Amino acid sequence: MLFSRGSNGRRMLRRRRDTHDLRWLSARAWTTRWYPQGIDIGEREGRRTLAVSWFRQDRTGHHLASRVVLIDTERARHIDIALAIEDDAGDLQPAQIHTGGLAWFGDRLFAAATGRGIWEFDLSDIRRVHGPVARRVRGIAGRWWPRSALVAVRTRVHPIDLRCSFLGRAFDADGAPLRRVLIGEYRRDDEGRIGEFTIPEGTDDGFVAHERFAPGIPRMQGSVRWGDRILVSQSALKTPGRLWTGTRDALTRHSVPLPAGCEDLALDPDERMLWTLGEHPRHRVVRGIPFARIGL
């Protein structure tokens, strides 16, 4: 059990006005060692749960580790799950990927490993490790902390012929989840592409490609689909991010702003909310935008 332990995780600051904002109440609000990237909504232990991915880097920008933070949306508390791989000797090593987007299907968590396909992790087998192993999977060397860590281990790498900068889910027009994802490319120019894929069902299956298009939007950070409507997030440096909506061949900019440094997108049909997040230190927020504000 995760959310039932003792303190039920660390607290977050919650504010509900025009949007549903959650903010970090620790050094993760301003650190430059860890950056939040991907987001999706799922269920853990019978509770609605947000998953937010982070990557750890050193001063040169080299990736050291990654994690997924599970947030109990009603209690505004969170816990950390380190992402790891098994090496040839069976030892756990940190997953040194960008985790630019997430797609959560039951116990299967897919993460965008920029330039390295889609990595799949098993949430049904979360392990607790201790001592040097805990420090290693968290990308920390030569310190006594943390003494233990929860870990989800990679089960497969799925090669995709896109850069795999971000990853989002698809729903039909009634809000029923589909076994499909949108995988896209972040580029500073307007040549970035988005492709739609069916996720693999069996262990011998791969992602099946469907439509692919180039929206002509620079700095795309996330994309999801609701019926025939596509939503795309676009970052704009330190200014509020932009939301683009419409059909594949007719995306227009929406008036609702996204957080500065906006990243991935996730659709929450139960609460009728579009979730996103901002990555910039001291301005980090996990934000839910009601469907009514974006015309869904």
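This is a short guided tour of the predicted model above, one selection at a time.

Before you start, know that residues are numbered from 1 along each chain as its sequence is written. In this predicted model, local features need pLDDT of at least 70, side-chain atom pairs count only at pLDDT 80 or more, and totals for chains, interfaces and linings use all residues, while side-chain values use heavy atoms, with hydrogens and water left out.

**Stop 1: the whole chain**

Show everything as a cartoon. You are looking at two helices and 24 strands; these are DSSP runs (helices are H or I with at least four residues, strands are E with at least two), numbered from the N terminus. Along the principal axes, the C-alpha trace spans about 55 × 45 × 40 Å. The radius of gyration is 18 Å, which agrees with the value near 19 Å for a compact globule of 296 residues. That radius is taken over C-alpha atoms, and the globule rule is 2.2 Å times the number of residues to the power 0.38.

Now switch on the surface. The protein exposes about 13000 Å², with 46% of it supplied by carbon and sulfur atoms; such areas come from the Shrake-Rupley method with a 1.4 Å probe, and for residues only the protein chains shown count as cover. Of the 296 residues, 57% are buried. Here buried means under 20% relative accessible area, exposed means over 50%, and partly exposed is in between (1.4 Å probe, protein chains only). Among contacts (heavy atoms within 4.5 Å) between residues at least 6 apart in sequence, 53% join residues at least 24 apart.

**Stop 2: R67**

Select R67 in strand β5 (residues 63-72). R67 counts as buried because its relative accessibility is 3%. Show what surrounds R67: beyond its neighbours within four places in sequence, the contacts are R28, W34, V52, S53, W54, D80, I81, A82, L83 and R138.

**Stop 3: a helix**

Move to helix α1 (residues 131-137) and pick R135. With a relative accessible area of 18%, R135 is buried. Then add W145, which is 10 residues from R135 in sequence and 6.9 Å away in space, C-alpha to C-alpha.

**Stop 4: three loop residues**

Go to the loop between β9 (108-112) and β10 (118-122), where you will find T114. T114 has 22% relative accessibility, so this residue counts as partly exposed. Leaving aside neighbours within four places in sequence, T114 touches H98, R163, C164 and S165. For a distance to draw, try T114 to S223: they are 109 residues apart in sequence and 15 Å apart in space, C-alpha to C-alpha.

From T114, step to its contact C164, in the loop between β12 (148-158) and β13 (166-171). C164 counts as buried, at 0% relative accessibility. Its phi is near 60°, a positive value in a residue other than glycine. Most residues other than glycine have a negative phi.

T99 has a positive phi too, near 45°. Look for T99 in the loop between β7 (92-94) and β8 (102-105); at 0% relative accessibility, T99 counts as buried.

**Stop 5: F197**

Select F197 in strand β15 (residues 194-198). F197 is buried, with a relative accessible area of 3%. Its contacts beyond four places in sequence include I160, L162, V181, I183, F207 and V208. A209 is another of those contacts; F197 and A209 are 12 residues apart in sequence and 4.5 Å apart in space, C-alpha to C-alpha.

**Stop 6: the largest pocket**

How much space lies in the largest pocket? About 550 Å³. Of its 21 lining residues, the closest to the centre are Y186, Q221, S235, E263 and E279, so select those five.

Here is how the pocket is found. On a 1 Å grid over the protein atoms alone, a cavity is a set of points where a 1.4 Å probe fits but cannot get out, and a pocket is an open set with protein on both sides within 12 Å along at least five of seven lines; lining residues have an atom within 4 Å of a point. Grid points are joined across faces, edges and corners, and the volume is the space filled by probe spheres set on the points.

Colour β3 (34-44), β4 (47-57) and β22 (262-268): these elements give two or more residues to the lining. By class, the lining has five nonpolar, 10 polar and six charged residues. Ala, Val, Leu, Ile, Met, Phe, Trp, Tyr, Cys and Pro count as nonpolar, Asp, Glu, Lys and Arg as charged, and the others, Gly among them, as polar.

Finish on S235, in strand β18 (residues 229-236). S235 is buried, with a relative accessible area of 7%. Apart from neighbours within four places in sequence, S235 is in contact with Y186, R219, Q221 and C262.
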